[in-house]
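Biologist: I would like to go through the charged pairs and the chain contact here, and hear for each label what it rests on.

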Amino acid sequence: MIGSFFRVAWHVMRKDLTVEVRSKEVLLTTLFFAVSVVLVFSFAIVREGRAPDDVAAGILWVAVSFSGTLAMGRTFERERYNDTLRALLLAPADRPAIYTGKLLGLLVLLALVEVVLVPLVGLLFNAPILAFPGRLATLLALGTLGFAAVGTLFAAMLVRVRSRDTLLPVLLYPVTIPVMIAGVRGTAALFQATPDLAMAQFWIGLLVFWDAIFITLALWTFEPVMTE
Amino acid sequence: MGCPTFAPERATVDKPMSSDFDSVAVVDLARHYGRRKALAQVNFTCGSGEIIGLLGPNGAGKSTLLNILATLISPSRGRVEYGARTAAQGGAEIRARIGMLGHDLFLYPELTARENLLFFARLYGLPDVEAVAQASLARAGLAERGDDLVSGFSRGMRQRVALERALLHDPRLVLLDEPFTGLDQASTAALVSRLRERQQAGRILVIATHDLDVADGLLSRAIFLKNGRVVGSDEDSRGLTERYRLAIQ
Amino acid sequence: MKRLNPLLIGLSAIMLGVAPWIINAAPYESTMGLVQKIFYFHFPSAILFLVAALICGVASAIFLFGKKASADGWAIAAAELGLVFGSLTLVTGPLWARKAWGVWWVWDPRLTSSLLLWMIFSAYLLLRKYGGPGSDKLGAGMALFGMANVPFIYVSVNVWRTLHPQTSVVPTLPTDMGIPLWFCFAAFTMLFVALLNLRARLEHQRARVEALYLAEDEA
């Protein structure tokens with residue numbers, strides 16, 4: 001049973017990545033959107049050529065959350081196009097496995113975006129991204145995971161709803177605020193002049209807890225919420 | 001035709017095929033959306049080797065009924081019995097015996113025909129997916145176009161791939177939503193012969209269609225739907241156009 | 001149950017009508033003076049706000065997993081009341097803050113958490129309104145996430161500095177402040193219970209009307 005769960009998730013993820021590699025549409029648009037967000041915020045905040053301290057962390061996470069929301073919407077839009085979501089639900093595969101596959105595909109996409117975003121933010125704001133690479137990567141991974149886990153569920157839920165484009169952020173942002181707080185505060189603790197490792201550790205711990213609970217919740221609710 | 005035949009019951013990697021059924025019974029089925037009755041008081045039974053036609057104007061509830069038969073929508077009232085079990089009892093095992101060709105074809109345009117078939121074959125846990133996909137492509141007459149993107153196919157070609165996708169796992173219940181839309185003469189004939197072949201293999205086919213000329217002579221039985229209700233059904237499929245007009249008007 | 005509602009509303013109306021006098025009789029708080037008396041309304045509203053969140057979450061879980069259709073009525077009633085009592089909290093809070101601390105808004109844990117929870121309720125109600133058919137299920141799913149978040153919102157926001165009086169204030173209140181507090185608390189709670197009942201009943205009856213309408217031309 002466990003074997004088939006991961007097998008299905010793997011194939012769904014592979015299919016999503018194959019489609020994405022062919023068109024590169026979602027990756028490129030998400031990436032450029034993320035970069036624009038960083039630039040817009042930079043113009044809004046930088047004064048006399050200097051940014052206030054601590055904004056690097058905030059801008060990074062804002063860019064991740066905005067572009068992530070866009071990417072989620074787009075990946076499910078694809079399943080709507082030829083009604084393939086229905087075909088996926090029709091298969092005898094475990095529904096949570098399908099959810100996991102889509103989540104994994106989204107995570108790969110967002111990881112690629114962050115690989116570009118982090119150096120960019122480091123460059124523009126002189127943030128010490130290489131000071132604690134392990135902890136920074138962990139924070140980003142856990143935060144993105146939590147955010148994407150809830151977002152994948154909500155995006156799937158909204159696939160047949162008319163105002164899905166506006167409802168997705170409306171639903172997603174309030175619910176994922178703890179992730180945002182943990183991500184920003186943890187990253188800021190790593191970036192500040194005298195890094196506060198204990199603080200960063202605390203936020204990492206919170207994220208682990210949050211992710212565990214909410215991914216479990218998402219796996220439970222995916223099936224009842226997706227059946228009409 | 002030279003294509004390999006498959007054993008009637010194909011086990012998936014994980015679930016042995018013990019849930020086959022040879023009849024589908026729709027009992028007092030209703031589906032509401034708020035105050036709108038999409039379906040009401042629908043009753044009928046069908047068995048192996050039958051081709052049932054769902055005929056009716058747009059908005060009559062044909063797609064809704066097909067989706068309920070596919071277990072994708074749950075009924076507001078009533079039930080569908082697959083053999084002795086309902087969808088709630090059978091769950092994934094019943095889904096493994098159902099194949100559907102939707103109006104929107106259920107294909108990924110960014111993938112090749114072969115990749116589409118391989119993906120779904122893997123999803124269904126079929127053994128030896130490469131051979132299955134190759135055989136399906138051959139049956140669709142697209143063996144040489146197998147590695148072209150579906151987005152470059154004509155409607156007829158896409159239809160053929162989509163049909164083979166629906167039949168990959170040799171389902172007992174085959175549901176088709178407006179399969180003849182936009183097909184030329186040759187494609188229609190090919191589709192009809194494939195459906196007849198499935199009928200002879202003892203499968204149950206339910207087709208929602210507008211195309212009365214094609215349906216005439218293909219269907220073993222017709223069910224007329226109007227405003228979500230069954231307004232007439234008949235065994236004999238002669239004079240379908242005439243009977244449609246009488247039932248629907 | 002039904003006959004209790006008018007009684008509850010009547011009683012709470014009387015109590016709330018009398019409340020200004022009782023509050024007036026309470027002693028002034030040493031540092032904040034008159035404005036501290038908003039506390040007598042602010043505190044019950046905030047508590048009932050959280051209670052509403054709890055009810056909404058539990059009802060949504062029952063609706064989604066227990067498949068009890070009537071639970072949905074309670075969920076939406078709790079959400080709407082949560083919005084009302086939350087708005088009350090978020091209005092009385094800043095009014096107090098302005099006089100007590102000199103600013104309209106501070107990003108302290110309680111206030112920020114309340115705002116977030118209020119936004120979650122709003123998002124839920126927006127989804128119910130604009131989600132089209134099937135939005136009751138979608139809303140239930142979303143409500144689960146929203147409500148499960150409450151402890152996390154509190155903890156994560158709490159790590160920032162706080163200006164809010166700590167929870168320990170209430171048990172240490174002198175009796176003559178305690179009386180008006182519990183008086184108002186009782187009044188608000190009765191109002192909450194009555195409104196919850198009425199709104200849920202409205203929802204259940206709406207569903208019944210729909211069922212009757214649908215059954216109208218059945219054989």
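Modeller: Let me begin with the term itself: a salt bridge is a side-chain nitrogen of Lys or Arg within 4 Å of a carboxyl oxygen of Asp or Glu. This is a predicted model, in which local features need pLDDT of at least 70 and side-chain atom pairs count only at pLDDT 80 or more, while totals for chains, interfaces and linings use all residues. Side-chain values use heavy atoms, without hydrogens and water.

Biologist: Why is the pair A:Lys15 and A:Glu79 called a salt bridge?

Modeller: The closest N and O atoms of A:Lys15 and A:Glu79 are 2.6 Å apart, and the limit is 4 Å, so the pair qualifies. A:Lys15 lies in helix α1 (residues 2-23) of chain A and A:Glu79 in helix α3 (residues 55-81) of chain A, so the bridge ties together parts that are 64 residues apart in sequence. Helices here are DSSP runs of H or I with at least four residues, strands are runs of E with at least two, and both are numbered from the N terminus.

Biologist: What makes B:Arg221 count as buried, and is B:Glu50 buried or exposed?

Modeller: Buried means under 20% relative accessible area, exposed means over 50%, and partly exposed lies in between, with a 1.4 Å probe and protein chains only. B:Arg221 has 10% relative accessibility, so the residue counts as buried, and B:Glu50, with a relative accessible area of 19%, is buried too. The side chains of B:Arg221 and B:Glu50 also meet in a salt bridge, at 3.3 Å from N to O.

Biologist: How do you know that B:Glu164 and B:Arg194 form a salt bridge?

Modeller: Their side chains meet at 2.8 Å, N to O, which is set against the same 4 Å limit and therefore passes. The pair links helix α6 (residues 155-167) of chain B, which holds B:Glu164, to helix α7 (residues 185-200) of chain B, which holds B:Arg194, 30 residues apart. Both residues are buried, and both belong to a network of salt bridges that also includes B:Arg139, B:Asp170 and B:Glu197.

Biologist: How many residues make the contact between the chains?

Modeller: Contact means heavy atoms within 4.5 Å, and on that basis chain A gives 26 residues and chain B 31 residues.

Biologist: What makes A:Arg22 and B:Glu115 a salt bridge?

Modeller: Their side chains meet at 2.5 Å, N to O, so the 4 Å rule is satisfied. The count between chain A and chain B is two salt bridges.

Methods: Residues numbered from 1 in each chain as written. Chains lettered and ligands numbered in written order.
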